[in-house]
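These are my notebook entries on a structure that was new to me. I set down each look-up in turn.

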Amino acid sequence: MNHAATPSWIDFFLQSLTPRRLRAQAIVLALCLWGVCAVDFATPGLFDRAGNIKFQDFLPFYISAKQISQHRANELYDQQSQTKELEQIVGNTTTVRIPYLYGPQVGLLFVPLASLSFSAAAKIWVVLSLLIYFACVYALWRSCPNLHPYPQLIALAAVAFPPLFHFFVRGQFSSVPLACFTLAFLALRTKRMWLSGIALGLLIAKPQFLLAIPLILLLAQAWKILAGLVLSSAAQLAFARLCFGADVTRAYLNVLLHPSHWITTAELSQAPIQMHSLRSFWTLLLPWPTAALVLYILTSLAALAAAILIWRSSSPSSVKFSALILAAILINPHLFVYDLLVLIPVLLLTLNWTLENDEHSTPALKVLLYLAFILPLFGPISRWTHLQLSVIAFAAILWTLARLPLASKQQALPL
């Protein structure tokens with residue numbers, strides 16, 4: 001790779017990103033994010049300083065667990081029942097509406113917390129989620145030998161990662177998809193293809209992540225991984241059907257296939273600035289819904305093509321897996337900032353690869369990784385700019401990986 005042709009601004013930028021400066025930036029960012037969190041959550045009781053319910057997005061998981069434990073699973077997707085339960089938790093009427101959008105089997109995970117108060121259950125969940133998050137970071141770091149000299153920097157960056165802040169304050173579910181992706185990569189790295197597919201199949205808990213992945217695996221002829229994914233997903237759906245019955249399953253599919261039934265106008269106006277995929281990118285940028293939808297489909301096909309090209313090449317597993325996650329993120333139509341926790345494998349694996357293969361890499365890739373880390377923090381600015389810069393960074397990383405000399409048209413052996 002001829003780095004002499006690298007634009008001078010990229011060289012200057014990279015020279016300024018020394019480990020010492022990166023540590024300092026991570027410390028400042030972590031102090032700002034978690035300082036805001038500490039001040040906001042310092043108030044006693046259920047509400048934070050801004051008047052929002054603490055760990056608000058954990059409410060549907062907690063309510064679903066209560067309904068299952070009380071043998072009322074038939075009410076999981078009943079908005080009136082959900083609202084009544086929510087008002088009992090809050091203590092009075094509220095305009096907050098957070099429907100349960102997950103498969104009925106997901107609610108079973110939280111049944112052990114159903115006997116506790118909402119506040120106690122939410123605190124236990126976020127602590128457990130943080131343990132899952134840092135376990136994934138540690139496992140991925142261990143698999144990246146070129147990052148071993150920087151344990152302190154990796155730890156600080158993990159604490160300062162902006163999506164982690166959003167994930168924590170909302171009490172979200174995103175640590176589970178991160179764990180699925182992490183387990184899938186660790187299995188792929190040791191050539192346990194079936195196990196890798198089974199781990200990816202667990203993403204059926206958040207099915208929007210599976211819009212791209214099966215297609216990539218199918219067209220890349222990764223048969224063993226695809227088979228594991230299909231069997232894992234089908235087993236979960238069959239379990240839900242047997243455990244909860246046909247009526248509950250149909251209610252879930254109705255919620256999944258008809259989002260207009262549960263998304264309000266207020267939510268639609270706020271959602272795009274908190275979302276970081278191609279669907280929200282074009283929705284923000286263009287005032288014409290039909291044009292935005294067409295461009296979403298076309299750019300999604302381009303992302304699919306790039307990921308398939310990488311998977312059909314002789315690229316190493318770390319590059320292939322990073323491309324898989326990036327395509328899943330970009331094509332996901334309902335991806336909020338807290339879901340970007342799944343970027344962790346992309347950032348660590350791709351950075352490790354660039355350090356190991358400097359002759360095949362490009363300096364711009366390191367800059368793009370830095371931007372992918374930091375830009376989710378500035379999502380709300382898109383309210384005025386109508387441009388979600390994080391999505392451009394994700395697409396640019398995928399495009400760069402597809403153009404690497406290592407990701408050539410040379411066919412690798414089927415996985």
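Is the crossing of H19 and H21 left-handed or right-handed? I found it to be left-handed. I keep in mind throughout that the model is predicted.

**Entry 1: H19 and H21**

I looked up how helix H19, residues 363–374, packs with helix H21, residues 389–403: the angle is about 150 degrees and the axes are 9 Å apart. Since angles over 145 degrees count as roughly antiparallel, I recorded H19 as roughly antiparallel to H21. On the H19 side I listed Leu365, Leu368, Leu369, Leu371 and Ala372 as the residues of the contact. H21 contributes Ala393, Phe394, Ala396, Ile397, Thr400 and Leu401. I then sorted the contact of H19 with H21 by class and noted ten nonpolar residues, one polar and no charged.

**Entry 2: H10 and H12**

I turned to helix H10 (residues 193–201) and helix H12 (residues 223–244), whose axes come within 6 Å and cross at roughly 40 degrees. H10 and H12 are therefore oblique to each other. I noted their crossing as right-handed. Among the H10 residues that meet H12 are Met193, Trp194, Ile198 and Leu200; their partners in H12 include Lys224, Ile225, Leu229, Leu231 and Gln236. The residues of this contact of H10 with H12 divide into eight nonpolar, seven polar and one charged.

**Entry 3: H3 and its cover**

I asked how many residues of helix H3 (residues 59–69) are buried. I recorded ten of its eleven, and the helix is mostly covered. Lys66 and Gln67 are among those buried, as are Pro60, Phe61 and Tyr62. I traced what covers the buried residues of H3, and the cover includes H4 (79–90), H5 (104–108), H6 (118–142) and H12. Just after H3, I noted that histidine 71 takes a positive phi of about 60 degrees.

**Entry 4: aromatic rings**

I searched the whole structure for aromatic pairs and obtained 29. In one of them, the rings of phenylalanine 58 and phenylalanine 110 have their centres 5.6 Å apart and their planes at 70 degrees, so I entered the pair as edge-to-face. Phenylalanine 58 lies in the loop between H2 (19–40) and H3, and phenylalanine 110 in the loop between H5 and H6, so the pair ties together parts that are 52 residues apart in sequence. I noted both phenylalanine 58 and phenylalanine 110 as buried. Finally, I followed the ring pairs outward and found a cluster that includes Phe58, Phe61, Tyr62, Phe110, Trp125 and Tyr252.

Definitions and conventions. Residues are numbered from 1 along each chain as its sequence is written. This is a predicted model: local features need pLDDT of at least 70, side-chain atom pairs count only at pLDDT 80 or more; totals for chains, interfaces and linings use all residues. Side-chain values use heavy atoms; hydrogens and water are left out. Axes are lines fitted to C-alpha atoms, for helices over the stretch in contact, and angles run from 0 to 180 degrees between N-to-C directions. Helices (H or I, at least four residues) and strands (E, at least two) are DSSP runs, numbered from the N terminus. Angles under 35 degrees count as roughly parallel, over 145 as roughly antiparallel, 65 to 115 as roughly perpendicular and the rest as oblique. A crossing is left-handed if the near helix is turned anticlockwise from the far one by less than a right angle, and right-handed if clockwise. Contact means heavy atoms within 4.5 Å. Ala, Val, Leu, Ile, Met, Phe, Trp, Tyr, Cys and Pro count as nonpolar, Asp, Glu, Lys and Arg as charged, and the others, Gly among them, as polar. Buried means under 20% relative accessible area, exposed over 50%, partly exposed in between (1.4 Å probe, protein chains only). Rings of Phe, Tyr and Trp (its six-membered ring) pair if their centres lie within 6.5 Å; planes under 30 degrees apart count as stacked, over 60 as edge-to-face and the rest as tilted.
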